[in-house]
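Dear colleague,

I am passing on to you the structure we spoke about, together with some notes on what turned up when I went through it. Please have the sequence and the coordinates open beside this message as you read.

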Amino acid sequence: MPTLSYREALNQAMREEMARDERVFLLGEEVGQYNGAYKISQGLLKEFGPWRVVDSPIAELGFCGLGVGAAMGGLRPIVEVMTWNFALLAYDQIVNNAAKLRSMSGGQLHCPVVFRGPQGAAHQLASQHSQVFENTYAYVPGLKVCVPATPRDAKGLLKTAIRDDDPVIFMESEVLYGTKGEVEEGELLIPFGKADLVRDGGDVTIVAWQKMRFVAQKAAELLAQDGIEACVLDPRTLRPFDLDAVLASVARTHRCVIVEEGWPWMGSGAQIADSIQRHAFDELDAPVLRVTGLDVPMPYAKPLEHEVLPTPERVVEACRRVLYRSP
C-alpha cells in the first residue's frame with residue numbers, strides 16, 4: 001500500500017473527486033497559482049484549469065458566500081480557508097446560510113459545500129493563529145464536522161465530505177501536513193460517525209482526536225510500562241459523533257479520559273462527558289476527566305506554548321487519577 005503524507009492524501013482526495021465529478025471545484029486564497037498556502041492543491045490548477053481551481057481575493061466572507069451560492073446552484077464547491085482563524089470573518093455565511101438552508105427551505109434546497117483548512121497550534125504562531133474552533137461548528141445543527149488525524153482518514157473523510165449533500169466543516173492540522181502513513185489507492189470512503197479503535201486496552205478509555213490522538217497514543221505507551229492498558233478511541237468526526245463506540249469501551253474499562261487541544265470551558269469534551277454520564281453512569285467507577293489546552297490565549301514563547309498544550313504526561317496523570325493510582 002502506498003505511503004502518503006497527510007498533505008498528499010488531501011490532494012489525492014480532491015484530485016480523484018474532481019476527476020470523477022465535473023461539478024466539484026476548488027476555491028480559496030492562493031489555491032491556484034501558488035498551489036495553496038500549505039501546498040494542498042499542488043498541481044490541480046494545471047490539471048483542471050482556472051474554471052475549477054479558482055484563486056480568490058483575501059475576503060473570507062465573500063468567497064465562502066460564493067461557495068454557498070454555487071452549492072445552491074447545483075455545484076459541489078470545496079472552499080479552502082487559509083486557516084480557520086480567518087474563517088471567523090465568514091461565520092455568518094457558514095452558520096446563518098450554509099447550515100440552515102435545508103431546514104429553512106423545507107428540504108427544497110441542499111448545500112453540498114466543504115469548507116476545509118487548518119486549525120490549532122503549530123509552532124509559535126501566537127494567539128490569533130493557534131486556535132481550535134471545532135466545538136464552535138459542532139455546536140451548530142446542520143453542519144458536519146471532520147477532524148482527521150492520519151493521512152488515510154484525511155483522504156477517506158474528505159472524499160466522503162465532497163459527496164455529502166450537506167455542508168461539511170473539514171478541519172486539518174498544520175503540524176500533521178507532513179506526517180505520513182499508508183493510504184489505499186483509488187476509492188476510499190470513510191463514513192462519518194464511525195470511530196477508529198487506535199489501541200485496545202481494558203483499564204481506561206482515552207478519547208482523543210486530530211493531533212491529540214498521538215498525544216493519547218504516547219500516554220498509552222507510558223501507561224503500558226506500568227502495566228496499565230489504555231483503550232484509545234479517535235472519533236474522527238465530532239458531528240456526527242460515535243457515542244456507541246465510546247459507551248461500549250467505557251462499559252469494559254469503567255473509566256474515561258477525554259483529550260482535546262481546545263479551551264476547557266464549553267469544549268467538545270464537556271459534551272462527550274455529559275453524554276457518558278447520561279448513558280453509562282452505572283458503568284463508571286470514577287468521574288470522567290478531561291485534559292485540555294489551558295484557558296488562556298496562546299502565548300508566543302515556545303516554553304509557554306508547550307505549557308498550554310496537553311502533553312502525554314498530563315494524560316498519564318489523568319488516567320492514574322481515574323484509576324486511583326495517583327502518587
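I begin with Q210, which is buried, its relative accessible area being 3%. Please keep in mind throughout that this is a predicted model. The residue Q210 sits in the loop between β10 (204–208) and α8 (212–224), and its phi is near 45 degrees, a positive value in a residue other than glycine.

A second residue with backbone geometry of this kind is N35, which has a positive phi of about 65 degrees although it is not a glycine. N35 belongs to the loop between β2 and α2, and with a relative accessible area of 18% it counts as buried, since the cut-off for that class is under 20%.

There is also a peptide bond to check in your own setup: the one from R239 to P240 is cis, with omega near 5 degrees, and P240 lies in the loop between β12 (237–239) and α9 (243–253).

On the aromatic side, a search of the whole structure finds four aromatic pairs. In one of them Y38 and Y177 are tilted with respect to each other, at 5.4 Å centre to centre and with 40 degrees between the planes. Because Y38 lies in the loop between β2 (24–28) and α2 (44–48), while Y177 lies in the loop between β7 and β8 (180–182), this pair ties together parts that are 139 residues apart in sequence. As for exposure, Y38 counts as partly exposed at 23% relative accessibility, whereas Y177, at 1% relative accessibility, counts as buried. Ring pairs also bring in Y6, so that Y6, Y38 and Y177 are linked into a cluster.

Another loop residue that I looked at is T311, found between α11 (302–308) and α12 (312–322). T311 is buried, with a relative accessible area of 10%, and, leaving aside residues up to four places away in sequence, it touches V215 and H306.

Turning to a helix, which residues of α4 (residues 91–98) are buried? They are Q93, I94, V95 and A98, and what covers them includes the helices α3 (60–72), α5 (101–104) and α6 (134–138) as well as the strands β5 (114–119) and β7 (168–173).

For the chain as a whole, the count is 12 helices and 14 strands. Its radius of gyration is 20 Å, close to the 20 Å that the globule rule gives for 327 residues, so the chain is as compact as a globular protein of that length. Along its principal axes the C-alpha trace spans about 60 × 45 × 40 Å. Of the 327 residues, 56% count as buried, and among the contacts between residues at least 6 apart in sequence, 82% join residues at least 24 apart.

At the surface, the chain exposes about 14100 Å², of which carbon and sulfur atoms supply 55%. In case you intend to assign charges, the chain carries 33 positive and 43 negative side chains, and the centres of these two sets lie 2 Å apart.

With best wishes

Definitions and conventions. Residues are numbered from 1 along each chain as its sequence is written. This is a predicted model: local features need pLDDT of at least 70, side-chain atom pairs count only at pLDDT 80 or more; totals for chains, interfaces and linings use all residues. Side-chain values use heavy atoms; hydrogens and water are left out. Buried means under 20% relative accessible area, exposed over 50%, partly exposed in between (1.4 Å probe, protein chains only). Helices (H or I, at least four residues) and strands (E, at least two) are DSSP runs, numbered from the N terminus. Contact means heavy atoms within 4.5 Å. The radius of gyration is taken over C-alpha atoms; the globule rule is 2.2 Å times the number of residues to the power 0.38. Accessible areas come from the Shrake-Rupley method with a 1.4 Å probe; for residues, only the protein chains shown count as cover. Lys and Arg count as positive and Asp and Glu as negative; His and the chain ends are not counted. The place of a charge is taken as NZ of Lys, CZ of Arg, CG of Asp or CD of Glu. Rings of Phe, Tyr and Trp (its six-membered ring) pair if their centres lie within 6.5 Å; planes under 30 degrees apart count as stacked, over 60 as edge-to-face and the rest as tilted.
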